[in-house]
Amino acid sequence: MKYTSVFDIIGPVMIGPSSSHTAGAARIGRVARDLFGGQPKWAKIHLYGSFAETYKGHGTDVAIIGGLLDYDTFDERIKTAFADAEKANLTYEFIPETAHTEHPNTARLVIGDDETELSMVGISIGGGSIEIIELNGFPLRLSGGMPAILVVHDDRAGCIAAVANCLAGYNINIGHMEVSRKERGNMALMVIEVDQNIDKSILDEMSTLPNITKVTRIKN
């Protein structure tokens with residue numbers, strides 16, 4: 001196995017007991033919050049494999065809620081996330097599933113408020129690292145370790161070039177990019193990992209481009 005950093009071996013600074021079951025779970029929750037655009041009012045959290053079997057003992061449950069409250073892996077408030085969620089009027093339900101998944105540490109978060117809903121599937125791959133593999137039915141591969149932009153758009157010619165040109169105009173370099181669509185000519189999703197955090201004003205500018213429906217970001 002190839003490691004790119006010592007942190008791939010020893011894991012991140014975190015609240016324990018497990019880098020994969022606790023730190024990774026917190027990151028999954030926090031990315032879901034970022035993609036939702038803030039704190040949801042409710043969450044249904046489907047757990048699979050090892051997550052489903054050990055989530056109470058390893059703190060997976062409290063870590064995911066902590067992430068939804070915007071707590072980082074090292075935030076001591078993870079320990080009180082359940083009580084904090086109650087104060088913040090965030091209701092939640094954990095649903096252990098028996099279905100087989102490709103990775104043993106898999107969680108599907110369905111979160112929402114009075115107006116909108118988001119569904120996201122994340123896996124904790126070890127050492128506190130995660131991958132987001134599905135968003136609202138779109139398959140993707142997103143590490144969560146770099147700043148990223150997610151652009152929901154109509155499947156029309158010129159959309160990808162318009163977004164890329166907008167980033168180039170601000171000298172923002174694209175590290176990785178992928179595009180997926182459910183059906184030709186309908187809704188599509190751009191996932192763009194970049195080298196630096198993106199200012200909200202740039203996201204607002206992208207939102208005004210033709211055929212762009214929604215732009216969200218994940219901050220590093």
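In which element of the protein is confidence lowest, and in which is it highest? The model is predicted, and its lowest mean pLDDT, 40, belongs to helix 1 (residues 7–10), whereas strand 1 (residues 42–48) has the highest, at 98. Residues 1–17 have a pLDDT below 50, and beyond near neighbours in sequence this stretch makes 28 contacts in the model. For the protein as a whole the mean pLDDT is 88, with 90% of residues at 70 or more.

Strand 1 is also a convenient place to enter the sheet. The open sheet has six strands, ordered 2-1-3-4-5-6, and its pairing is mixed. Strand 2 and strand 6 are the edge strands, each of them pairing on one side only. From one strand to the next the twist averages 20 degrees. Strand 1 and strand 2 (91–96) run parallel and are joined by six bridges. Within this pair, His46 has Ile95 of strand 2 as its bridge partner.

Further along the order, the pairing is antiparallel. Strand 4 (residues 117–126) pairs in this sense with strand 5 (residues 129–135) over six bridges, and Ser124 stands opposite Ile130 of strand 5. Two residues lie between the strands in this hairpin, where Gly127 takes a positive phi near 65 degrees. Strand 5 then runs antiparallel to strand 6 (residues 138–142), with three bridges between them. Here Ile132 stands opposite Leu142 of strand 6. The hairpin of strand 5 and strand 6 likewise has two residues between its strands.

In that second hairpin the residue with a positive phi is Asn136, near 50 degrees, and Asn136 is not a glycine. Most residues other than glycine have a negative phi. Asn136 sits in the loop between strand 5 and strand 6 and is partly exposed, at a relative accessible area of 36%. Asp70 is another residue other than glycine with a positive phi, in this case near 75 degrees. Asp70 belongs to the loop between helix 4 (60–68) and helix 5 (81–87), and with a relative accessible area of 31% Asp70 is partly exposed.

How many residues of helix 4, the helix that Asp70 follows, are buried? Nine of the nine are, so helix 4 is largely enclosed by the rest of the structure. The buried residues are Thr60, Asp61, Val62, Ala63, Ile64, Ile65, Gly66, Gly67 and Leu68. Among these, Ile65 and Leu68 have a further role in the packing described next: they are listed with Leu47, Leu109, Met120 and Leu150 as the residues that touch the most other members of the largest nonpolar core, which has 42 residues. Helix 2 (residues 19–36) gives this core its largest share, seven residues.

Leu47 shows what such a position is in contact with. Leaving aside residues up to four places away in sequence, Leu47 touches Ala52, Tyr55, Ile64, Phe94, Ile95, Pro96, Glu97, Thr106 and Ala107. Ile95 in this list is the bridge partner of His46, and Ile64 is one of the buried residues of helix 4. Apart from the largest core lies another, of 16 residues, including Ile149, Cys166, Ile172 and Met190.

Ala88 provides a contrast in its surroundings. Ala88 lies in the loop between helix 5 and strand 2 and counts as partly exposed, at 33% relative accessibility. Beyond residues up to four places away in sequence, Ala88 touches Gln39 and Leu69. From Ala88 to Glu205 the separation is 117 residues in sequence and 31 Å in space, C-alpha to C-alpha.

The last element to consider is helix 7 (residues 200–207). Are its buried residues Ile202, Leu203 and Met206 spread around the helix or gathered on one face? Ile202, Leu203 and Met206 are buried; viewed down the axis of helix 7, the buried residues fall within an arc of 100 degrees, so they line one face of the helix. Their cover includes strand 7 (148–154), helix 6 (159–169) and strand 10 (212–218).

Definitions and conventions:
Residues numbered from 1 in each chain as written. Predicted model: local features only at pLDDT ≥ 70, side-chain atom pairs only at ≥ 80, totals over all residues. Heavy atoms only, no water. Pairing = 2+ DSSP bridges. Helix = DSSP H or I, 4+ residues; strand = E, 2+ residues; numbered from the N terminus. Buried < 20%, exposed > 50% of the residue type's maximum accessible area, 1.4 Å probe, protein only. Core = buried A, V, L, I, M, F, W, Y, C linked by side-chain atoms within 4.5 Å. Contact = heavy atoms within 4.5 Å. pLDDT = per-residue confidence, 0-100. Arc of directions from axis to C-beta. Axes fitted to C-alpha atoms, helices over the stretch in contact; angles between N-to-C directions.
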